[in-house]
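Thanks for coming. I will take a few minutes to walk through one chain, and I will start with a term we need before anything else.

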Amino acid sequence: MEEELIDAVPCSSLAVDAILRIGTAGAIWGLCAGPQLARKRGLSGITRASFVAKSIGKYGFQCGLVAGVFSSTRCGIQRYRKQNDWALLLLLGHGDGRRSLVWRA
């Protein structure tokens with residue numbers, strides 16, 4: 001059932017859905033991490049509130065951007081190849097920065 005639905009939905013709709021879902025998760029992450037980072041920097045009052053608001057926007061935008069690029073690339077490649085298999089995920093896994101995360105460790 002899910003495969004039939006994915007084939008019927010345009011890539012742009014899947015990208016917008018991913019942006020909204022993961023962008024919201026990033027905003028929540030910024031809401032949780034912002035106050036802690038502000039405390040470490042010694043901020044208080046209006047500057048602290050401004051820093052937290054900026055971190056919410058920054059994390060939400062960055063996570064949404066990555067999710068949108070990943071989702072639209074995956075959908076485009078899947079539609080081009082007319083297949084949904086492990087090779088697609090392997091290709092995107094190296095393209096979305098996971099390889100660079102492994103190299104940093």
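A residue is called buried when its relative accessible area is under 20%, exposed when the value is over 50%, and partly exposed in between. Phe61 has a relative accessible area of 57%, so Phe61 counts as exposed. Please keep those cut-offs in mind, as I will come back to them.

What you see is a predicted model. How confident is the predictor in the chain? The average pLDDT is 80, and 71% of the residues score at least 70. Confidence is highest in helix α2, residues 11–41, with a mean of 92, and lowest in helix α5, residues 98–104, with a mean of 44. Over residues 98–105 the pLDDT is below 50, and that stretch has three contacts in the model beyond near neighbours in sequence. Where pLDDT is low, the predicted coordinates should not be read in detail. I will leave that end alone from here on.

Now the overall layout. The chain has five helices and zero strands, so written from the N terminus the order of elements is simply α-α-α-α-α. Of the 105 residues, 21% count as buried. The accessible surface of the chain is about 7,800 Å², and carbon and sulfur atoms hold 65% of that area. As for contacts with a separation of 6 or more, 56% of them join residues that are 24 or more positions apart.

Next, helix α3, which covers residues 46–81. How far does α3 reach? Its 36 residues span 52 Å from the first C-alpha to the last, close to the 52 Å expected at 1.5 Å a residue. After α3 comes Lys82, which has a positive phi, near 60°.

Which residues of α3 are buried? The list is Phe51, Val52, Ser55, Tyr59, Gly60, Gly64, Ala67, Gly68, Ser71, Cys75 and Gln78. I will take two of these, both serines, and add a neighbour.

Ser55 is in helix α3. Its relative accessibility is 5%, which is under the 20% cut-off, so Ser55 is buried. Leaving out residues up to four places away in sequence, Ser55 touches Gly30 and Gly34.

Right after Ser55 in this talk comes Ile56, also placed in α3. Ile56 has a relative accessible area of 25%, so it falls between the cut-offs and is partly exposed. With the same neighbours in sequence left out, Ile56 touches Ala27, Gly30 and Leu31. Gly30 therefore appears in the contacts of Ser55 and of Ile56. The C-alpha atoms of Ile56 and Gly30 are 4.2 Å apart, although 26 residues separate the two along the chain.

The second serine is Ser71, again in helix α3. Ser71 is at 14% relative accessibility and so counts as buried. Its contacts, not counting residues up to four places away in sequence, are Leu14, Ala15 and Ala18.

One more pair links to a residue on that buried list. Gln36 is in helix α2 and is partly exposed, at 40% relative accessible area. From Gln36 to Val52 the distance is 9.1 Å, C-alpha to C-alpha, with their positions 16 residues apart in sequence.

Now back to Phe61, where we began. Which residues form a nonpolar patch on the surface with Phe61? They are Leu65 and Val69, and the three together have about 320 Å² of accessible area. Phe61 itself lies in α3.

Last, the charged side chains. Side chains of opposite charge can pair when their charged atoms come close. How many salt bridges are counted here? The count is one. Asp17 pairs with Arg21, and their closest N and O atoms are 2.9 Å apart. Both residues sit in helix α2, four residues apart, which is about one turn of the helix. Asp17 is partly exposed, with a relative accessible area of 35%. Arg21 has a value of 58%, over the 50% cut-off, so Arg21 is exposed.

To close, two things to take away. The chain has five helices and zero strands, and confidence is lowest in helix α5. I am happy to take questions.

Key: Residues numbered from 1 in each chain as written. Heavy atoms only, no water. Patch = residues over 30% accessible without salt bridge, like charges linked within 9 Å, V, L, I, M, F, W, Y side chains within 5 Å. Areas by Shrake-Rupley, 256 points an atom, 1.4 Å probe, with all protein chains shown as cover. Salt bridge = Lys/Arg side-chain N within 4 Å of Asp/Glu carboxyl O. Helix = DSSP H or I, 4+ residues; strand = E, 2+ residues; numbered from the N terminus. Buried < 20%, exposed > 50% of the residue type's maximum accessible area, 1.4 Å probe, protein only. pLDDT = per-residue confidence, 0-100. Contact = heavy atoms within 4.5 Å. Expected span 1.5 Å × (residues − 1).
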